[in-house]
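Student: I have a new structure open and would like to go through it with you. Could we begin?
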Amino acid sequence: MNKNQTISISDDTIFKLKILAEEKESVRRKLIVTAEKLRLKAKQLAITAEEKESVRRKLAITAEKLVATAKEKESVRRELVITAKKLRLKAKQLAVTAKEKESVRRKLAITAGKLKKSRETLERKVIERTKSLEMARAKEEAILLSIGDGLIATDEKGQIILINKTAEKLLEKQSKDVMGKIFSETILLEDEYGTTIPLDKHPVSMALLGNKISTKNIADTIYHARKDKSRFPLAIMVTPVTLEKKVIGTIKVFRDITNEHQIDRAKTEFVSLASHQLRTPLSTVSWYTEMLLEGNIGCLNEKQKKYLTEVYRGNQRMIELVNALLDVSRLELGTFTIEPKPVDIVKLAKSVIHEQTPQMDYRKIKFSFLPEKIPIIDADPKLIRMIVQNILSNAIKYTPEGGKVEASISLADKKNIIFKVSDSGYGIPKNQQDKIFTKLFRADNVREKDTDGTGLGLYIVKSVVENSGGKIWFESTREKPGTTFFVTLPIKRIISE
Ligand code: ADP
């Protein structure tokens, strides 16, 4: 249809169209509203979407963080696992250590218990022992303090730590005055001649060096001087007290031997008297037998001569013995007369050797004498003869047939001469050597050999030599057969005051 064409539309249709249009308008409006609503909704949705996005992002971030945290947690967890493992191990070890410790603790507890027990036992024992020691000590002290001999104990410095009643009485000293003082300075001793015994020779000083000292091994008698200057002889015995080989003190036991001395003197006087009395009849026997043997009274047959010779020899031996006993008593009584004069000891020795030559020849002894040039000495020729004779005759007597004896005299030093006699004889047994210079002693080995002798010769010789300021000693060892005697004598003054 074209534009100029007119269409006739009824009113109804127009009305209808109007209503339709109105309906359409209403629908359009509704649609607009709905569209608006939808836009709003969309907006809201958009906002919500944005929010959601932001939430999502946040969530993503949080998720990331969570992942990281989870990772950390995982690593921490792993570490924790390791640590837990370690801890478990440690715990195990600790458990073992704890067990061990527990066992050690138990053992320690047992040991401690035992220790406690033994300490208690020990304490009990110590108490008991101390008690018994104290009792023993008290007993010993009571014994020591009350014994009849004088007793003084010193410590290792020689200081007096104990003195008994007898010692106090004998020495006229009070315990309180001497306790703690040096023994050798407090209790002075004297020799035979009244000379104070020097400190180093004091028996206590010698005992502190570890030697046991008794009067037996001291040559001279020891005296103690009282306040009133009177003195008394002492028999002493000083013993070192040792602990683990160290001297920790000394004990000196002593007694007054005035009585023994008096008895000894009386004995010596008796021996002297008896010897004197014996000399006369012995000399008579000697003269008459000599006369009979010489045939002055008439001839004797061989048998009579033989027997009479035995009588004569026996009598001679008896005379020798009596003379020796007389010498001993003179020496002991101090009545030995000494007449010093210048002596040519070599000449004197030669004369003694000459006298002994028959005996040496009889026993086929090879003898040599080697004198050096020595000065004249100041001595009693009678005593020098006695010394030389004794030593030489012993050497000959105690050497078997065919043996060797050598004698010599020389200068020992500027002030002394030395007389030496060596033999190849029987020697002197080691276990008897310390007794050789004692009175009446004869060694077993020579007694067995049936040799004559009195056992007095060397005792007299030693006394004479020492009184003359000389010394005598000998050597006799297993390695070398025989014996060598040495005698030194001072050149100047051989007789002591
Ligand atoms: P004795 O009269 O017995 O010879 P001595 O006093 O002279 O007395 O000697 C004492 C002891 O010493 C002797 O009996 C002997 O045992 C021993 N004796 C002395 N000199 C010698 C020596 N040269 N060889 C071996 N023993 C000796």
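Tutor: By class, the shell around the ligand holds 11 nonpolar, 9 polar and 2 charged residues. Please keep in mind that this is a predicted model.

Student: Which residues come nearest to the ligand?

Tutor: Of the 22 residues around the ligand, the nearest are Arg 442, Ala 443, Gly 453, Gly 457 and Leu 458.

Student: And which helices supply at least two residues each to that shell?

Tutor: Helix H9, residues 381-397, and helix H11 each do so.

Student: Let us stay with H11. At what angle does its axis cross that of H7?

Tutor: The axes of H7 (residues 302-333) and H11 (residues 457-467) cross at roughly 35° and come within 10 Å. The crossing is left-handed. On the H7 side the contact is made by Ala 324, Asp 327, Val 328 and Leu 331, and on the H11 side by Gly 457, Tyr 459, Ile 460 and Ser 463. By class, this contact has 5 nonpolar, 2 polar and 1 charged residues. Gly 457 thus appears in the contact with H7 and also among the residues that come nearest to the ligand.

Student: What about H9, then? How does it pack with H8?

Tutor: Helix H8, residues 345-362, packs with H9 at an angle of about 35°, and their axes are 10 Å apart. Here the crossing is right-handed. Among the residues of H8 in this contact are Ile 345, Leu 348 and Val 352, and those of H9 include Ile 384, Val 388 and Leu 392. By class, the contact has 11 nonpolar, 4 polar and 1 charged residues.

Student: Which strands does H9 lie across?

Tutor: H9 lies across S11, S12 and S14, the last of these being residues 484-490, and it runs at about 20° to S12. Those three strands belong to an open sheet of 5 strands, in the order S9-S11-S12-S14-S13, with mixed pairing.

Student: Which strands stand at the edges of that sheet?

Tutor: The edges are S9 (366-371) and S13 (471-475). Each has a single partner strand, so one side of each is left without a neighbour in the sheet. On average, neighbouring strands here are turned by 10° against each other, direction ignored.

Student: You said mixed. Do remind me, what holds paired strands together in general?

Tutor: Strands of a sheet pair through backbone hydrogen bonds, in either a parallel or an antiparallel arrangement. In this sheet, S9 and S11 are a parallel pair with 6 bridges, and Ser 368 stands opposite Glu 406 in S11. By contrast, S11 (residues 404-411) and S12 (residues 416-423) run antiparallel and are joined by 7 bridges.

Student: Which residue in S12 is the bridge partner of Ser 408?

Tutor: The partner of Ser 408 is Lys 420. Another pairing places Ile 409 opposite Phe 419 in S12. S11 and S12 form a hairpin, with 4 residues between them.

Student: Changing topic: which strands pair with S6?

Tutor: S4 (residues 213-214) pairs with S6 (residues 231-243) in the antiparallel sense over 2 bridges, and Ser 214 stands opposite Met 237. S5 (residues 222-225) is also antiparallel to S6, over 4 bridges, with Ile 222 and Leu 234 as bridge partners. S7, residues 246-256, pairs with S6 in the antiparallel sense over 10 bridges, and there Ile 236 stands opposite Phe 254.

Student: Where in the turns is there a positive phi?

Tutor: S5 and S6 form a hairpin with 5 residues between them, and Lys 229 in the turn has a positive phi of about 75°. S6 and S7 form a hairpin with 2 residues between them, where Glu 244 in the turn has a positive phi of about 50°.

Student: Finally, the whole chain. How many helices and strands are there?

Tutor: The chain has 11 helices and 14 strands. Its radius of gyration is 65 Å, well over the 23 Å that the globule rule gives for 497 residues, so the chain is more spread out than a compact globule.

Student: And what does the C-alpha trace span along its principal axes?

Tutor: The C-alpha trace spans about 245 × 60 × 45 Å along those axes.

Conventions. Residues numbered from 1 in each chain as written. Predicted model: local features only at pLDDT ≥ 70, side-chain atom pairs only at ≥ 80, totals over all residues. Axes fitted to C-alpha atoms, helices over the stretch in contact; angles between N-to-C directions. Left-handed = near helix turned anticlockwise from the far one by under 90°. Contact = placed C-beta atoms within 7 Å. Nonpolar A, V, L, I, M, F, W, Y, C, P; charged D, E, K, R; others polar. Near = placed C-beta within 6 Å. Pairing = 2+ DSSP bridges. Rg over C-alpha atoms; globule rule 2.2 N^0.38 Å.
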